[in-house]
Amino acid sequence: ELERHVAKYRISRSVVLEQLKKIAELDSKNIAPADGGFYIYVDLGEQNVTHGFGSIALCKALLEEELVAFTPGNDFEDP
């Protein structure tokens with residue numbers, strides 16, 4: 001059963017990576033899949049985030065408005 005879950009998460013991760021590549025405002029070198037995990041680190045760049053709107057506020061807004069959960073990179077020492 002574990003292998004089935006791993007395969008499902010791997011597919012989901014691939015879908016997310018492909019969709020991120022389509023966002024013209026994101027530099028592809030700022031999209032980093034974590035080694036050995038299903039996480040993806042994305043540096044949005046200061047030009048793509050409203051001034052003063054930090055990563056915690058952004059993640060909270062995405063959860064409340066879009067029902068999509070993210071966690072700020074600073075929880076992982078900003079890789």
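This is a short tour of a predicted protein model, moving from the whole chain to a few charged pairs.

**Start with the whole protein.** Show the C-alpha trace and turn it around: along its principal axes it spans about 45 × 25 × 25 Å. Now switch to a cartoon view and look for two helices and two strands. Walking from the N terminus, you will meet them in the order α-β-β-α.

**Next, show the surface.** The accessible surface comes to about 6,700 Å², and carbon and sulfur atoms hold 56% of that. How much of the protein is buried? Buried residues make up 15% of the 79 residues.

**Colour by charge.** You should find 8 positive and 14 negative charges, and their mean positions are 9 Å apart. Some charged side chains pair up: the structure holds four salt bridges. Let's visit three of them, one after another.

**Select Glu1 and Arg4.** These two form a salt bridge, with their closest N and O atoms 3.9 Å apart. Both residues are exposed.

**Move on to Asp27 and Lys29.** Here the closest N and O atoms of the salt bridge are 3.5 Å apart. Are the partners buried or exposed? Lys29 is exposed, with a relative accessible area of 69%, while Asp27 counts as partly exposed at 34%.

**Finish at helix α2.** Select residues 55–66 to highlight this helix, then pick out Lys60 and Glu64, which lie four residues apart, about one turn of the helix. Their side chains meet in a salt bridge, at 4.0 Å from N to O. Lys60 is exposed at 52% relative accessibility, and Glu64 is exposed too, at 54%.

How values were computed: Residues are numbered from 1 along each chain as its sequence is written. This is a predicted model: local features need pLDDT of at least 70, side-chain atom pairs count only at pLDDT 80 or more; totals for chains, interfaces and linings use all residues. Side-chain values use heavy atoms; hydrogens and water are left out. Buried means under 20% relative accessible area, exposed over 50%, partly exposed in between (1.4 Å probe, protein chains only). Accessible areas come from the Shrake-Rupley method with a 1.4 Å probe; for residues, only the protein chains shown count as cover. Lys and Arg count as positive and Asp and Glu as negative; His and the chain ends are not counted. The place of a charge is taken as NZ of Lys, CZ of Arg, CG of Asp or CD of Glu.
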